Structures are given as C-alpha cells and as structure tokens.
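Colleague: I'm new to this one, and a whole-structure tour would lose me. Could you pick a single strand, look at it closely, and then show me what surrounds it?

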Amino acid sequence: MASVEGSPTPVRSRRHPERASPPQDKYSVLLPTYNERENLPLIVWLLVKSFSESEIDYEIIIIDDGSPDGTRDVAEQLQKIYGSDRILLRPREKKLGLGTAYIHGMKHATGNYIIIMDADLSHHPKFIPEFIRKQKEGDFDIVSGTRYKGNGGVYGWDLKRKIIRLYRKEVLQKLTEKCVSKGYVFQMEMIVRARQLNYTIGEVPISFVDRVYGESKLGGNEIVSFLKGLLTLFATT
C-alpha cells in the first residue's frame, strides 16, 4: 500500500544511557576524648551546625578512653539528640594513646574522608568547609590547618599544641600502617611519613585557641614521652 502523501515520517527516539551521578562525599570526624564532658556538647553542636549549613554529609565518631568525669554519659545523650547515624560512640576502657584512638575510630568510619581534631575547642569547626574546598581545589591527599599562613593565629597556646587535618581515608589508612608512634608525636610523624610517600598536602590558615574548659590532657609524663618520640622520629626518618 502506498504511503499517504504528506504523512509525517516517524522519528526514532535515541535513548541515551543514564549516567550515574558520582557518590556524594562523606566526612567522618574522629574525636578522641578524655574528661571532656563540658566541651563535648559544644564541639558537637558546632560540628553539626557547620556541616548542616554547608549541606555536607558527615558522621562524628567519639572515642572516649574511659573518662572518669562522665564524658561517655554525655556522648550517649548527644547520640539520642542527633541520632546514632550522626553520632557514633566507640569507647575504650582506658587511655591507650592518641594514635591508637585514631586507628580505632577509623575502623568504624564510613566516610571516604577523615577529619581528625581535638574535642577541647582548640580549633573551631567553622573552618572545616574551607578544608573541604581546599582539598577539592587542589585534589590534595591531606589538608592541614596552620597558624603560619595568611590570617591564621593563636590564642592562649603553649607546647601542648593540637592539630586539625583532613585526609583521604585510604591515605590515612596507609599512614597509620607506617607510623610507630602512639602518643601526641603521632600527629607529627603522620605528616613526616606523608611527605616521604609523596602525598600532596594543602594548608589552610586557621586560629588556634587553648582549651575552653578543663585541664589539658597532656600531662608532664606525656610531654616527656612526646619529646622522646620526637627524638626517635628524627633518628628514624
């Protein structure tokens, strides 16, 4: 049969396979605590506020080392307030060192990026979105806070210095396998090993503040151990 003159020629639709959107990044904050019952609610509130306002997916992992002041009870209350999907409590029976606390927390992290910081408010969570922007801009393996660049500052600080850093999870896992330190020198060794392994490191200028409540967790014996660890680190790298 002849086709009807003037009838439209059917157009074949071309189906393009749907492109899967890349998975959203998730950030796991590791918060080692010891006698932080007064600081913990504030640091958690500030973290939640910072992540929520920036629409960043996150979880906060609290690693309490048997605090006698009731820090764990406070953490359990925070978990009820914000939800167990956002606040993960992964306690230990006693103080076993800062390095092992990070390793313990990382085992429970579901994010593809890890942020390590102290719970004593020595660094404000408002800087975290800037860390994330910096990492994406330079595709860095690590982003570290520094008081020696730009507008960074320090208030009420002494030898008991704290660190805030953002790591790709797989990079942090690799570094913890290489590190031998367990205490506060662990933080310094991590960056030394990172440079040895040619990982890329970005820096963000931030202000550091001495702890808001309570006494520093770094006692006299731990300062001696810190100095001994530094000597060992310099001797082996």
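Modeller: Sure, let's take strand E5. Ile 142, Ser 144 and Thr 146 point one way from E5, while Val 143 and Gly 145 point the other way, and all of them are buried. Buried here means under 20% relative accessible area, with exposed being over 50% and partly exposed in between (1.4 Å probe, protein chains only). That alternation fits a general pattern: in a regular strand, side chains alternate between the two faces of the sheet. Since 5 of the 5 residues of E5 (residues 142-146) are buried, the strand is largely enclosed by the rest of the structure.

A quick word on what you're looking at: this is a predicted model, so local features need pLDDT of at least 70 and side-chain atom pairs count only at pLDDT 80 or more, while totals for chains, interfaces and linings use all residues. Residues are numbered from 1 along each chain as its sequence is written, and side-chain values use heavy atoms, with hydrogens and water left out. Strands (E, at least two residues) and helices (H or I, at least four) are DSSP runs, numbered from the N terminus.

Now for the neighbours of E5. Two strands pair if DSSP finds at least two bridges between them. E5 is joined to strand E7 (residues 165-168) by 3 bridges, and these two run antiparallel; Ser 144 has Arg 165 of E7 as its bridge partner. With strand E8 (residues 201-205), E5 pairs in the parallel sense over 5 bridges, and there Ile 142 is partnered by Ile 201.

Zoom out and you get an open sheet of 7 strands in the order E3-E2-E1-E4-E7-E5-E8, with mixed pairing. E3 and E8 stand at the edges with a single partner strand each, so one side of each has no neighbour in the sheet. From one strand to the next, the twist averages 20°. Towards the E3 edge, E2 and E3 pair in the parallel sense over 3 bridges, and Ile 62 stands opposite Leu 89 in E3.

Helices come in too, where contact means heavy atoms within 4.5 Å. Helix H3 (residues 98-107) packs on the sheet, touching E1, E2 and E4, and its direction makes about 140° with that of E1. Our strand has a helix on it as well: H5 packs on the sheet and touches E4, E5 and E7, its direction making about 95° with that of E7. For these angles, axes are lines fitted to C-alpha atoms, for helices over the stretch in contact, and the angles run from 0 to 180 degrees between N-to-C directions.

Follow H5 one step further. The axes of H5 (residues 169-178) and helix H6 (residues 185-196) come within 10 Å and cross at roughly 110°. That makes H5 roughly perpendicular to H6 (65 to 115 degrees; under 35 is roughly parallel, over 145 roughly antiparallel and the rest oblique). On the H5 side, Leu 172, Leu 175, Thr 176 and Lys 178 meet Phe 186, Glu 189, Met 190, Arg 193 and Ala 194 of H6. By class, that contact has 5 nonpolar, 1 polar and 3 charged residues, where Ala, Val, Leu, Ile, Met, Phe, Trp, Tyr, Cys and Pro count as nonpolar, Asp, Glu, Lys and Arg as charged, and the others, Gly among them, as polar.
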